[in-house]
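Student: Please take one part of this model and look at it closely. I would like its surroundings first, then the wider setting.

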Amino acid sequence: MQVKRGLAEMMKGGVIMDVVNAEQAKIAEDAGACAVMALERVPADIRRDGGVARMSDPEMIEGIKAAVTIPVMAKARIGHFVEAQILQALGVDYIDESEVLTPADETHHIDKFAFTVPFVCGATNLGEALRRIGEGACMIRSKGEAGTGNIVEAVRHLRSILGDIRKITQADNAELFQWAKSLQAPLPLVQEIAETGRLQVPLFCAGGIATPADAALAMQLGAEAVFVGSGIFKSDDPSPRAKAIVEATTHFRDADILAKVSRGLGAPMTGIAMDEINQTQRFAERGW
Amino acid sequence: MNTVGVLALQGAFAAHEAALRGLGAHTRQVRTPADLIAVDALVMPGGESTTMSRLLDTSGMYPDLKARIAGGMPVFGTCAGMILLATEVLDGRADQYSFGAIDLAVRRNGYGRQVDSFETDITVSGLAEPFHAVFIRAPKVVTVGPSVEVLAAHDGTPVVARQDHVMVASFHPELTPDARLHEMFLQHNGFTIEKERG
């Protein structure tokens, strides 16, 4: 378990970037990414194209693995344990059981204890995070709303998860039973949070980060690292933006450095306001 | 009071800081040249050495840190920290920084990818009981210079080593509750440990 959970510790304070080919993977590594997420289309394109989004072609994942020295993650559909088996066989370093892909199971998530490769899962609230940890996830990322370039959902989800953790540390034993019930979360995990004041696994932020300031906002709110999907390669000039987001994630409390790295980056991705997306097209609603 | 810095550009710095504090050490996270001036020793954590290398550059810390290490500041590097401290890095990136502070050649990800990561008990010279070592995409020592003292080996390959004020481990002592290697680092360099608790 230390080996599985430990890799997330190594990614703390870092930026994990979505890449769709070896060339982008090199740009990400050059910029200082601590890992890359190999996928066929960034979330903004998945959203635009519609249809069923699946695990990437193994050949494309192999190409990215060969191009960089940093860890390579890849996405499997929610509940699609065979896609996960294939990704493990390919030797990816982390599997993201991701709501960005079209779910394969509308009731069950993958039994992540059955794998040697660690998993990251998305969560919009503490109950969802603890259900995923109960299934064996080694890292939680707040979901945000992928492919929008809009940080508002990520902020909502981080505040919800971290706010409830703060409340639970104030609860007495009787109240913890009620917390477990209302969160639909395993009681022992709720009790553990009451004692330690923190989630059992690292909490990263995803979904909507488009600027260095967005990354620093997530970190100041309490995220321990950030995922940037469409925000880099859907912007005008990906390389300097990627570098700036890496610096902003490290120096997230230093406003002078944030001001310096935010200059002259060209246009960020255009982005989508939440009321422009109808409920059925929200990725964050996927997951149970 | 002596302050032990933890290089906090990226990686497992929080876990190292917790281990040092558990020993009663006064700690400080180091991200800028100003932070570096305020510390008397430095722990360089696991993480991605390419990321840290880039951030050493953009933060303007590289020349100062190189000078401090050359000037005798005690440093303890684990995993990626070991890569940064070695004299030679194999399978790294050509533009990756190395401080050349300990005469070792190391191969980046020499033990393989995450699926090859493992944990095992090792015997460390100077410690009475075995140490539980967690290896994650760990660097592998390929050659050892004559002035390097090997403190522990796994399958014949050195995994803990020391050269004067520079100590390295290819695994992650910060991920287990056992702080004996941190303690060994501090004691070897004359830091007094005031145990406040326990």
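**A buried glutamate and the charges around the chains**

Tutor: Start with a polar contact in this predicted model. The side chains of B:E174 and B:H16 are joined by a polar contact of 3.4 Å. A polar contact of 2.8 Å links the side chain of B:E174 to that of B:H172. Where does B:E174 sit? Its place is in the loop of chain B between β12 (166-169) and α6 (180-188).

B:E174 is buried, yet it has no salt bridge. The nearest side chain of opposite charge is A:K12, 10 Å away. A salt bridge needs a side-chain nitrogen of Lys or Arg within 4 Å of a carboxyl oxygen of Asp or Glu. Which residues does B:E174 touch, leaving aside its neighbours within four places in sequence? In chain B they are B:A12, B:A15, B:H16, B:G46, B:T78 and B:H182. The list also holds A:M10, from chain A.

A:M10 leads to the interface. There, 37 residues of chain A are in contact with 35 residues of chain B. A:M10 belongs to a trio with A:V3 and A:T69. These three supply 26% of the area that chain A buries against chain B, more than any other three residues. Between them the two chains bury about 2700 Å². Of this area, 55% is on carbon and sulfur atoms.

Now the polar side of the interface. Across it, 20 residue pairs are in polar contact, both residues being at pLDDT 80 or more. Three helices of chain A, α1 (2-10), α2 (22-31) and α12 (238-250), each supply at least two residues of the side that touches chain B. The largest share, seven residues, comes from α1(A). By class, that side of chain A has 16 nonpolar, 10 polar and 11 charged residues.

How many salt bridges are there between chain A and chain B? The count is four. One of the pairs in the model is A:D30 with B:R93, whose closest N and O atoms are 2.6 Å apart. A:D30 and B:R93 also belong to a network of salt bridges. Its other members are A:K26, A:E29 and B:D95.

Over all chains the count comes to 31 salt bridges. Take A:D45 and A:K234. Their closest N and O atoms are 2.9 Å apart. A:D45 is in helix α3 (residues 43-49) of chain A. A:K234 is in the loop between α11 (230-233) and α12 of chain A. The pair links distant parts of the chain, 189 residues apart. A:D45 counts as buried because its relative accessibility is 14%. A:K234, at 34%, counts as partly exposed.

A:K65 and A:E62 make a local pair. Both lie in helix α4 (residues 58-67) of chain A, three residues apart, about one turn of the helix. Their closest N and O atoms are 3.9 Å apart in a salt bridge. A:K65 counts as buried, at 14% relative accessibility. A:E62 has a relative accessible area of 37%, so A:E62 is partly exposed.

Last come A:E99 and A:R141, which meet in a salt bridge of 3.0 Å, N to O. A:E99 lies in the loop between β4 (94-98) and β5 (119-123) of chain A, and A:R141 lies in strand β6 (residues 139-142), so the pair ties together parts that are 42 residues apart in sequence. Both residues of this pair, A:E99 and A:R141, are buried. B:E174 is buried too, but has no salt bridge.

Terms used
Residues are numbered from 1 along each chain as its sequence is written. Chains are lettered from A and ligands numbered from 1 in the order in which they are written. This is a predicted model: local features need pLDDT of at least 70, side-chain atom pairs count only at pLDDT 80 or more; totals for chains, interfaces and linings use all residues. Side-chain values use heavy atoms; hydrogens and water are left out. Helices (H or I, at least four residues) and strands (E, at least two) are DSSP runs, numbered from the N terminus. Buried means under 20% relative accessible area, exposed over 50%, partly exposed in between (1.4 Å probe, protein chains only). Lys and Arg count as positive and Asp and Glu as negative; His and the chain ends are not counted. A polar contact is a pair of N or O atoms within 3.5 Å; within protein, one must be able to donate a hydrogen and the other to accept it, and residues adjacent in sequence count only if both atoms are side-chain atoms. Contact means heavy atoms within 4.5 Å. Buried area is the accessible area (1.4 Å probe) that two parts lose on being put together, summed over both. Ala, Val, Leu, Ile, Met, Phe, Trp, Tyr, Cys and Pro count as nonpolar, Asp, Glu, Lys and Arg as charged, and the others, Gly among them, as polar.
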